[in-house]
Amino acid sequence: MARPTDEQRREMLVDMVTARVQSQRIFNLQRQGRVGTMAPVDGHEATIVGAAHALDTDHDWVLPQYREPIALRRYGPEMLEHVMLYNIGHPAGGHIPAPIRVLPYQISLATQIPHAVGLAWGLTLQDDPGVVLVFFGDGSSSEGDFYEAGNLAGVLGAPVIFLCVNNQWAISTPVHLQTAAESFAAKAAAFGFPGIQIDGNDVDAVYDAVQTARTRALAGKGPTLIEAVVYRLGPHTTADDPTRYVPAEDLEAARRSDPIKRLRTELETAGLWDDDVQAEVEEAALAALDAALEKARSTPLAPDAMLDHCYTTDTQRLARQRAGLLAEAGPGGSAR
Amino acid sequence: MSFVFRLPDIGEGLDEAEIVEWLVRPGETVVRDQPLVEVLTDKASSELPSPVAGVILALGGAEGERLRVGDVLIEIDDGSVDEPGAPHAPRSDSPGSATLPASERPAPEHPAPERPTPELPAPERPLSGARPKASPATRKLAREQSIDLATVTGTGPGGRITAADLDASTTESPAAPAPLPSVDSTLGQIAPGRHPLRGVRGVIARNMVQSWSEIPHIHTFDELDASLLLDLRTRMQDIGRQVTPLAVAIVASCRALRRFPLVNACIESGDDGDEIVVHERVNLGVAVATDDGLIVPVLHDADRLDVFTATAAVAELAERARSGSLAAADHRGATFTVTNYGSLGGRWATPIIPPGQAAILGMGRIADRPVVVDGVVVARPLLPYVIGADHRLVDGDLLEAFKRSIVDDLTEPLRLLVGR
Amino acid sequence: MTELNMLEAINETLHAEMARDDRVVVLGQDIAHNGGVFRATEGLLEKFGERRVVDMPLAEGAIAGASVGLAVAGLVPVAEIQFLGFAYQAMHQIAGQIARLRYRTRGRFDPAITIRAPFGGGVRTPELHSDSLEGQLANVPGLKIVVPATAADAKGLLASSIRDPDPVMFLEPLRGYRGIRDDVPDGEHLVPLGSARTARPGGDAVVIAWSHQVELACRASDRLAEEGLSVRVLDLRCLVPLDLAAIAEAVDACGRVVVTEESPRTGGFGGEVVATIVEESFWSLEAPVVRVSGFDVPYPVGMVEDRYLPDEDRIAAAVRHVLDMA
């Protein structure tokens, strides 16, 4: 079993606390009308952070869905800038600068899974020593793309780690209505590679599972499906009211298994964490977020920016539309 | 000094919310993200956290009240300084209202806008020379009138041929004022039988009917002593200058039209009834005899001309008319017409006022006639003339005064040379 | 110059582009060991090996989705969808992902993806094998749509498509695979995307067409020439980007236009061509633009296929109509 060191675990808790606090602040920003719909990370931190720490950020790609980016601090401070730009709805929010090996938010559920397989395959074709880890939820595993991609990955033996974050709910659909399979991990049998189910709230378990899968992949032994079992502690997104369908007692029980509380208790016991450290980390997290928000809000936006990057160069039609849009904006035009 | 927190859309397309419970009171100090109020939408009940730290100034509504998105929810004194001229607007921010400076990349040079809104049709390309441009409707008209578009000059945008251009190309004179003697052997030649009334003849006929049926004509006839007029012509020729009687008549007419603007007008039917349209400019239609008959090109802003420039302008116009190089614009816009049928012979006539005008001056041939001067019959060169006028606009006294003005100037043309 | 049919031209181009650029990877169903069900990819596996020429499981979504990943990795995937009608199984990846990769990531990645697919009728295929989807695809910003009508253009346009950093739907006419033969330039031959060509000169009217309809339009025009009519045929070659200048020039010169396509009429790309003509060349029109097209029903079964498809007779009748001779 691959165990993270104490230092790594401490780092992971910093990342988890940071993610939680920042996610909650972004949630508030939505309630204040300053960002659009967002998906809070509460309850998923150990899975995301544990996985990220088991990867080599220089070589390994992460393909998120839309809950993970806030917790991918390990891939660099640019991730927070990307998150804020995306959440205020700025076009630049889709750009994660090279060489960061993360793809932007994916709204079309499960479409990133075949991307991950193709990417992993592409890495091997270029003898690039990296693996691809793709996040998706229990709900996404019902999409055709999951099965097509899983099947293809098995055939290709591509170095991809399928990380299914089973948080029990796909908006209001509980897992027992999502699949009749024994588990999501069991679906790997259809693809011809191993599937394992782990406690997603245990960073050590996550770290170990991802490390193991990574080693397998790099040794040419192919993909792994990891099902990380967690509980969604917050709403699906800011537009959701879970009190309508989540049994209160289940939520209560889940809160008692809050991954942050769990790791914090362990680290405090080991003398590696205390209230001061907690306060420091929270304060730093909020300061970083405020700075990223400010930077995002002052990111320039040309009136014709929305026409950029559709093609490498404008088609004739698009060039005329651009001229018309600029003319509409007027000289020194400001974005509408 | 105060931060205005307006009710945001917290649920993807909601437009109002009900205040369920206030969690703070005016005067209370709050910290950032502290829950301020619980609101209820048709999706969920939510607590709204404070965007700023400060002291609550005012609540935007009572519990149970419904607010619309954008209404003031709460005002908080956050200790910031008012920005002059923009007390609240920059502070109550939302994703959609940000006005962000500069450019995500080097600012474009603001290429000259080709059109004001995205992708209106491209500005018309000029005629490439191959085929004439015209709308399908115009083409249909041209086909019906057997007009070859290649022979028509287009005055629309990009050189496009318009229906009016078709009219102008076919119209020799909007209302041919008088029967014309002509040495052309085709004059009046046509085979027995029925012929469709269309093309040039059809346009002329239409215009004649319009004038005849819409304009109640009165005509006044007389002769004036052209001695000084001819004398002026001779004396100018002696010093190498050209002044024709027609040119003098043109200048005289312009002066009279400026003196009596009601004659430089016409009556038009509009949606709200008939209107007297008083023309701003004085554009003179001048009848010119050509091998193909009489045409009436237009001298625009003829009131700028003096007798010398008028002489030259008429000559140039006549030359272009005879060589067939008049443009459609040269046929349009006349506010008054002068027809010198006398140059072809003829003494009296009843010229028909073209549509869009209120009067016409016709001049017959100058000839020696017996007149009585100081009780003795002598021969004097007399210029017979007629002035036709739209009796809706021009009563007898106005006609007389108008006529008097022209006649005085023609009788003593030196008045025109000193009058400018 | 060598006389080739379209299939041979396509095969030759795939060989050339794979040799030229190591990053080119060819993927699809039955394309490796079988050389493609039409033999378009014949010989590639033998020459370039199984790392670069890959038989994919029967999953169009995975073919298209994996292409995204390959492009992110910096490769140049040339994927085959066995018949264009089966692109429906991959639309969420084509329209939702491939077309948007550059736009979403603000240009970080080059989605240098070419998807080849045969389409079009006249060969008695089963359901969905002949459907024309180019009108639907043209409405997806971010894609380029290429529709060669000759073997020479199949070569030149495919080479350009593979080298283009933007995603290209390269649509090959089934009837043209063996049915169209012409002189193909030897060696490197590139036809830029977005330039139409005059397939047949003329001045009384112009037929605007693409893919296999170009051949039929030319035949119809040859027949009309015997009656003294001079009919131009404009081969669009590329629907996106569209050669606006070529369309304007042809309409300005001729004034009478027929647009022909196999697609059902409603929502077909022909409507886009007509709208473009109205916007750009209205003042040159002598007559309304006439469309010849498939009927507004799903592509029919073999027994009635010939009655469905626009043919020389229908094109000629349309030309006569715009010349007011009908």
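Where in chain C is Leu128(C) found? The legends below take up that question and several others, and the model they describe is a predicted one.

**Figure 1. Two residues of chain C with a positive phi that are not glycines, Leu128(C) and Arg39(C).** Leu128(C) sits in the loop that runs between S5 and helix H6 (134-138) of chain C. Its phi is positive, at about 70°. With a relative accessible area of 30%, Leu128(C) is partly exposed. Arg39(C) also has a phi of about 70°. Look for Arg39(C) in the loop between strand S2 (24-28) and helix H2 (44-48) of chain C. Arg39(C) has a relative accessible area of 38%, so this residue counts as partly exposed.

**Figure 2. A cis peptide bond before Pro241(C) and another before Pro99(A).** In chain C, the cis bond joins Val240(C) to Pro241(C), with omega at about -5°. Pro241(C) belongs to the loop between strand S12 (238-240) and helix H10 (244-254) of chain C. In chain A, Ala98(A) and Pro99(A) are the partners, and omega is about 5°. Here the proline lies between two helices: Pro99(A) is in the loop between H3 (78-87) and H4 (112-125) of chain A.

**Figure 3. An aromatic pair between chains, Trp61(A) and Phe109(C).** Over all chains, the structure holds 18 aromatic pairs. In this one, the rings of Trp61(A) and Phe109(C) lie 6.1 Å apart from centre to centre, with 50° between their planes, and the pair is tilted. Chain A contributes Trp61(A) from strand S1 (residues 61-63), while chain C contributes Phe109(C) from the loop between helix H5 (101-104) and strand S5 (114-119). Are these two residues buried or exposed? Both Trp61(A) and Phe109(C) are buried.

**Figure 4. A tilted pair within chain A, Phe136(A) and Phe146(A).** Why is this pair called tilted? The ring centres of Phe136(A) and Phe146(A) are 5.2 Å apart and the planes meet at 45°, an angle that is neither under 30 degrees (stacked) nor over 60 (edge-to-face). Phe136(A) comes from strand S2 (residues 132-137) and Phe146(A) from helix H5 (residues 144-156) of chain A, so the pair ties together parts that are 10 residues apart in sequence. Phe136(A) has a relative accessible area of 1% and is buried. Phe146(A), at 1% relative accessibility, counts as buried because the cut-off is under 20%. Widen the view a little to follow the ring pairs onward: they link Phe136(A) and Phe146(A) with Tyr147(A), Phe162(A), Phe191(A) and Phe193(A) into a cluster.

**Figure 5. Chain C as the setting for the close-ups, with 13 helices and 14 strands.** The radius of gyration of chain C is 19 Å, close to the 20 Å from the globule rule for 326 residues, so chain C is as compact as a globular protein of that length. Its C-alpha trace spans about 60 × 40 × 40 Å along the principal axes. Of the 326 residues in chain C, 67% are buried. Among contacts in chain C with a separation of 6 or more, 80% come from residues 24 or more positions apart. Chain C carries 31 positive and 47 negative charges, and their mean positions are 3 Å apart.

**Figure 6. Chain B, with 8 helices and 19 strands.** Buried residues make up 41% of the 420 residues of chain B. The accessible surface of chain B is about 21,400 Å², and carbon and sulfur atoms account for 54% of that area.

Technical notes. Residues numbered from 1 in each chain as written. Chains lettered and ligands numbered in written order. Predicted model: local features only at pLDDT ≥ 70, side-chain atom pairs only at ≥ 80, totals over all residues. Heavy atoms only, no water. Helix = DSSP H or I, 4+ residues; strand = E, 2+ residues; numbered from the N terminus. Rg over C-alpha atoms; globule rule 2.2 N^0.38 Å. Buried < 20%, exposed > 50% of the residue type's maximum accessible area, 1.4 Å probe, protein only. Contact = heavy atoms within 4.5 Å. Lys, Arg positive; Asp, Glu negative; His and termini not counted. Charge placed at Lys NZ, Arg CZ, Asp CG, Glu CD. Phe/Tyr/Trp six-rings, centres within 6.5 Å; stacked < 30°, edge-to-face > 60°. Areas by Shrake-Rupley, 256 points an atom, 1.4 Å probe, with all protein chains shown as cover.
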